[in-house]
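The following report describes the strand pairing of one protein chain. Please read it alongside the sequence and the coordinates.

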Amino acid sequence: MSNSYIKVDYDSGTLCCAGCGEWTGTHMDSVLMYARPNGEDGDGVRICVKANGATMTIPETGPGRRHTIVLQMTCEMCSHVTTISFMQHKGQTQVEYR
Ligand SMILES: [Zn+2]
């Protein structure tokens, strides 16, 4: 996973857009979950929940070898889609912000 420092406006406790750095106007659109309850590299649950509550199965296998959660936020200032991911891989939980 590539990474950069997570940008937060510490006065408001608000996550900043990874594209333009603004801390207002980010909207959490989707939550993606890749769960492999049966172990490394096995098939499992791959689901995306949209902001409107719609759910869909993610067709492709997710990153990493175990569980991964991805939060996607769209910025109304620059349209960048900021993602934060938590991925368990070989006894580590890796965090990605981009
Ligand atoms: Zn932005």
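In this predicted model, Ile47 of strand 4 faces Thr57 in strand 5. These two strands run antiparallel and are joined by three bridges, with strand 5 covering residues 55-57. Four residues lie between the strands of this hairpin, and Gly53 adopts a positive phi near 95 degrees there.

Strand 4, residues 45-50, also pairs with strand 3 in the antiparallel sense, over six bridges. Within that pairing, Ser30 is opposite Lys50, and Tyr34 is opposite Arg46. Strand 3 (residues 26-35) in turn runs antiparallel to strand 6 (residues 68-75), to which eight bridges connect it. Thr26 stands opposite Cys75 of strand 6.

The pairings described above are collected here.

| Strand pair | Sense | Bridges |
|---|---|---|
| Strand 3 and strand 6 | antiparallel | eight |
| Strand 3 and strand 4 | antiparallel | six |
| Strand 4 and strand 5 | antiparallel | three |

In general, side chains of a regular strand alternate between the two faces of the sheet.

As for the chain as a whole, it contains eight strands and zero helices, so that its elements read β-β-β-β-β-β-β-β from the N terminus. The C-alpha trace spans about 40 × 30 × 20 Å along its principal axes. Of the 98 residues in the protein chain, 13% are buried. Among contacts between residues at least 6 apart in sequence, 47% join residues at least 24 apart.

Definitions and conventions. Residues numbered from 1 in each chain as written. Predicted model: local features only at pLDDT ≥ 70, side-chain atom pairs only at ≥ 80, totals over all residues. Pairing = 2+ DSSP bridges. Buried ≥ 20, exposed ≤ 12 C-beta atoms within 10 Å, placed from the backbone. Contact = placed C-beta atoms within 7 Å.
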